[in-house]
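Hi everyone, thanks for coming. Let me put the structure on the screen, and then we can walk through it together.

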Protein chains: 2
Amino acid sequence: MKSSAKPVLATVAALAGVSTPTVSKVINGRDDVAESTRLRVQSALDELGYRSPAQRRSRLTGPAMVDLVIGVHDGAYSMEILHGILDYAANGEVDVVVSSHTPNKLARVDHEDWAQRMQESGRTGIIFVTSEVTSAQVLAFSRRGIAVMVIDPLNSPPSGDFASVGATNWAGGKAATEHLLALDHERIAFFGGPAAAECSVARLHGYLAALMSRGIAARSDYITDGAFTRESGAEATRRVLSLPEPPTAIFAASDTIALGVLEVARERGLRVPDDLSLVGFDGTPLAEQTLPRLTSVAQPLQEMGRAALRGVLRLSHGEQLDATHMELATELVVRDSTAQLRS
Amino acid sequence: MKSSAKPVLATVAALAGVSTPTVSKVINGRDDVAESTRLRVQSALDELGYRSPAQRRSRLTGPAMVDLVIGVHDGAYSMEILHGILDYAANGEVDVVVSSHTPNKLARVDHEDWAQRMQESGRTGIIFVTSEVTSAQVLAFSRRGIAVMVIDPLNSPPSGDFASVGATNWAGGKAATEHLLALDHERIAFFGGPAAAECSVARLHGYLAALMSRGIAARSDYITDGAFTRESGAEATRRVLSLPEPPTAIFAASDTIALGVLEVARERGLRVPDDLSLVGFDGTPLAEQTLPRLTSVAQPLQEMGRAALRGVLRLSHGEQLDATHMELATELVVRDSTAQLRS
DNA sequence: CTGAAAGCGCTTACAG
DNA sequence: CTGAAAGCGCTTACAG
């Protein structure tokens, strides 16, 4: 696609079969150009990947600029990732442009327009945090030379279509469950995030694998999906506590969900961990601040942020990544919310 | 200072008494220019406020770009402000470039260089969050046409030298203390942030005013300053609990400090609020997540973020602000950590 | 080290 | 609606 020599107005004009002033008019959005001519010029511009002198220059002289799109507003979680990215950015010559988009808003945005504007502003790359991403979207950016990385993608990458950074969710889910099993719990519930979220599904399967290796049958009434919110955790807790045989331990797929569990346990006068053991997931500073402090599977969120930024910068330099999907290790941090099952 | 017509190389050359190629060389950092000539050209560039075509253009065509410098890493606090700023930014055509600087790092940075780089990147304005700011620093930016706003300045603005947004800290401190007084507490301790932080001092004076209007003498052994951290709160709590006559209530100048109070209270087997009442400050989501949930003076952090961004954009359009310092109202939110004094 | 001259890439004003 | 011509602002190559 890309011609070797740097394209200037004259190059584009030659390809489109018009004069340079006409190309200039198209670029500047003048209206004294025939529609058919405009289209011909436009496709020549696209084909040659034309950049104005200002754009060429800002790409060369200015610091790299990477956009960060936060698709989730779990304060502690996003803040940790942002923290890692900003730390890394402070060392290199990168500016980080942050924007937040609710999943709904993200779906409504026209990615071609967005990528176009980013190209015009001389952006180097874009990092999505916990978003659903399609190949078409990624293509809109990469076709314009904007590198893309996704942190903790909500959907699984359609065979290497985009590069992503995640954590070892399956292993983390397994470790959390094994910890509870080692404390003699057998009636263990799992409270997941959205059923469609890959990371939540992987945690569920880690949970199932741990149960299975102990020969314990998974009970469907102990398994709930919902959202990564307090409310979702509270609701699930109310449900399982009203079962004829309630669980003695709960593995919540995020710390925020675990917060809802703690809330309802308190309402019901259940002591954690004496009456109910609880493991969370994420290991944000939040886990240190609850009462009791939360045993949780820590994700290396700051490291994930750094890795994503590093990846975007590599890609933008035309380097290959070692792997399109990178999983960083989770670690079970035992605090005060889990205890031996009382016999 | 600024000449009326837009300055081009020829204008600068004329003022400096050299030819345009020489000015071009200076701008591009070539080394075949005599030092004395370079200086003469440099000051002509500064005086005329010369911008390259790329800079002139990006200022006109691209979206406004505002830098946000977070000087404090209290997760929940910064996240709320960031949230407000990003919300507002999503509506207008502004990109927000976030960077984080510890106070130490901030002091070491050369502001002239920084402002210079920002000008070259076509930045519109800069917002500092909870930083110490000097007039010299602000001047470095505003002289280059970069608007400055400070959120919750750590020092008080030297008579209108910079525009800032804060909360009604004095009124908030007074409200917190009056709430405790209304619950019949008289032995009320105050745990502040850094002694140099304006906002903390204002909260202290609100506390003193409330005591005074009830005719209660302030006790110096009940008043501590420190930092806006958990550790600072824990340490202060240990100290006052070992007094011959410990307080029955504590007003902590931030929710994070209050967290440290809760921690030590738990260690000592003191029940909050039965044995000890506690009021925090900030009203971040954190206050909802502690056990017991924290009575706290809420700052309108998101609104403060929005106001700062609005202010920067106004200033950059050459508009005047209604006031150089703007205080948004705090609100006491009563939750579960305060109770009537047991007689 | 400096600048007259030539050149580059884009834009503007205007004739057709 | 289109493009030859003139112009603008910056840069480069090179003579002194």
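Let's start at DNA strand C, keeping in mind that this is a predicted model. There are 17 residues around the strand, and those that come nearest are Leu9(A), Pro21(A), Ser24(A), Ser19(B) and Ala34(B). Two elements give two or more residues to this surface: α2 (20-27) of chain A and α2 (20-27) of chain B. The most comes from α2(A), with four residues. By class, the surface near DNA strand C has nine nonpolar residues, seven polar and one charged.

Now, how do the two chains sit relative to each other? A turn of 180° and a shift of 0.0 Å along the axis lay chain A on chain B, with an RMSD of 0.2 Å. The two copies are therefore related as by a two-fold rotation axis.

And where do they meet? Chain A brings 25 residues to the contact, and chain B brings 25 residues. On the chain A side, the elements supplying at least two residues each are α4 (53-61), α5 (75-91), β2 (94-100), α12 (255-267) and α13 (286-289). That side counts 14 nonpolar, eight polar and three charged residues. Because 100% of the interface residues of chain A are also interface residues in chain B, the copies meet through the same surface.

Look at β2 there: three bridges join β2(A) to β2(B), and the strands run antiparallel. In one of them, Val98(A) has Val96(B) as its bridge partner.

Last stop, the largest nonpolar core, with 176 residues. Among the members touching the most others are Val96(B) and Ile127(B). Ile127(B) touches residues including Val66(B), Met149(B) and Val312(B). Thanks, everyone!

How values were computed. Residues are numbered from 1 along each chain as its sequence is written. Chains are lettered from A and ligands numbered from 1 in the order in which they are written. This is a predicted model: local features need pLDDT of at least 70, side-chain atom pairs count only at pLDDT 80 or more; totals for chains, interfaces and linings use all residues. A nonpolar core is a set of buried Ala, Val, Leu, Ile, Met, Phe, Trp, Tyr and Cys residues joined through C-beta atoms within 7 Å. A residue is buried if 20 or more other C-beta atoms lie within 10 Å of its own, exposed if 12 or fewer, and partly exposed in between; C-beta atoms are placed from the backbone. Two residues are in contact if their C-beta atoms, placed from the backbone, lie within 7 Å. A residue is near a molecule or strand if its C-beta atom, placed from the backbone, lies within 6 Å of it. Ala, Val, Leu, Ile, Met, Phe, Trp, Tyr, Cys and Pro count as nonpolar, Asp, Glu, Lys and Arg as charged, and the others, Gly among them, as polar. Copies are superposed by least squares on the C-alpha atoms of residues with pLDDT of at least 70 in both. Two strands pair if DSSP finds at least two bridges between them. Lists of a residue's contacts leave out its neighbours within four places in sequence.
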